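Good morning, and thank you for making time for this short presentation. I would like to take you through one structure, from the overall picture down to individual residues.

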Amino acid sequence: DPVRVRQYTIEADLRPDLTLAAVTRLSFEIGGSPIRALSFELSRRMNVTEAKLNGERVEIFARESPRAGALRGDDNDTFVVAAPAALAPGSRHELEFRHEGKVIAQAGNDVLFVGARATWYPRRGLNFAVHDVTFRHPRQFRLAMPGQVREDRVEGEVRVTRRVTENPVRLFGFNLGNYERAAAGKVEVFGNRRTETALTPRPVVVM
């Protein structure tokens, strides 16, 4: 890959209606040849509203027809960012994306389902990179995600959680819910406190 992503820094805000609004910043380096266009993968449930390269707004090209995604049978799509000029080999840059959408659904009884664990943020291939992620979300929910806890505090009805991966990882997924948490060393286990509506046992009617 001619684009070597070193780090993803993400600030995500989960609104009460479960809309996820985020700012994703990528620090990257250009490899052995000049490059003008950069492609990224993102869930079709998310929409990129703005992109900046080194602080300057740049154009985004994305498919308008869902036909290609339907043929592939997945929930992801590819979009392209066009740099105003070719990026030289060995140069370092930062891309900033603003994106939002609904990748989290309510399954009932405060059980949430995350439908795009790997592509909820613009991702470039499967290269290893450090991930520094900060979430703001309703305080009744708890996040299950990788990395070391750098911050975990409550501001009124909002909980702020920040985690940073110790080592570079390919993907950064998460789950969110009204969890009970148990930990032993570096291992954490999360379980829903209640059963989602579809799994709730129905009363047995005896005729």
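Let me begin with a term: two residues are in contact when heavy atoms of theirs lie within 4.5 Å. With that in place, please look at Arg-162. Leaving out residues up to four places away in sequence, Arg-162 touches Asp-132, Val-133, Thr-134, Gln-148, Val-149, Arg-150 and Glu-151. Arg-162 belongs to strand 14, which covers residues 158-164. I must also say at this point that the model before you is predicted.

How confident is the predictor? The average pLDDT of the protein chain is 88, and 93% of the residues score at least 70. Residues 68-73, however, have a pLDDT below 50, and this stretch makes six contacts in the model beyond near neighbours in sequence.

Now the chain as a whole. The protein chain contains one helix and 17 strands. Its C-alpha trace spans about 75 × 45 × 30 Å along the principal axes. Of the 207 residues, 39% are buried. The exposed area of the protein chain is about 11,600 Å², with carbon and sulfur atoms supplying 49% of it. As for charge, there are 32 positive and 26 negative charges, and their mean positions are 3 Å apart. For contacts between residues at least 6 apart in sequence, 69% join residues at least 24 apart.

I return to strand 14, where two residues deserve a comparison. Is Thr-161 buried or exposed? Its relative accessibility is 7%, and the cut-off for buried is under 20%, so Thr-161 counts as buried. Arg-162, by contrast, is partly exposed, at a relative accessible area of 24%. Thr-161 is also found in strand 14. Apart from neighbours within four places in sequence, the contacts of Thr-161 include Val-133, Thr-134, Phe-135, His-137 and Leu-143. Met-145, Glu-151 and Asp-152 are also in contact with Thr-161. To give a sense of distance, Arg-162 and Leu-87 are separated by 75 residues in sequence and by 32 Å in space, C-alpha to C-alpha.

Phe-135, one of the contacts of Thr-161, leads to the aromatic residues. How many aromatic pairs does a search of the whole structure find? The search finds nine. In one aromatic pair, which is tilted, Trp-120 and Phe-135 sit 5.5 Å apart centre to centre, with 40° between the planes. Trp-120 lies in the loop between strand 10 (112-114) and strand 11 (130-138), while Phe-135 lies in strand 11, so the pair ties together parts that are 15 residues apart in sequence. Both Trp-120 and Phe-135 are buried. Ring pairs further link Tyr-8, Trp-120, Tyr-121, Phe-135 and Phe-174 into a cluster.

I close with backbone geometry. Most residues other than glycine have a negative phi. Which values do we find at Leu-18 and Asn-54? Phi of Leu-18 is near 70°, and phi of Asn-54 is near 55°; each is a positive value in a residue other than glycine. Leu-18 is in the loop between strand 1 (3-14) and strand 2 (20-30), and Asn-54 is in the loop between strand 4 (46-53) and strand 5 (56-57). Leu-18 is buried, with a relative accessible area of 11%, whereas Asn-54 is partly exposed, with a relative accessible area of 44%.

How values were computed. Residues numbered from 1 in each chain as written. Predicted model: local features only at pLDDT ≥ 70, side-chain atom pairs only at ≥ 80, totals over all residues. Heavy atoms only, no water. Helix = DSSP H or I, 4+ residues; strand = E, 2+ residues; numbered from the N terminus. Buried < 20%, exposed > 50% of the residue type's maximum accessible area, 1.4 Å probe, protein only. Areas by Shrake-Rupley, 256 points an atom, 1.4 Å probe, with all protein chains shown as cover. Lys, Arg positive; Asp, Glu negative; His and termini not counted. Charge placed at Lys NZ, Arg CZ, Asp CG, Glu CD. pLDDT = per-residue confidence, 0-100. Phe/Tyr/Trp six-rings, centres within 6.5 Å; stacked < 30°, edge-to-face > 60°.
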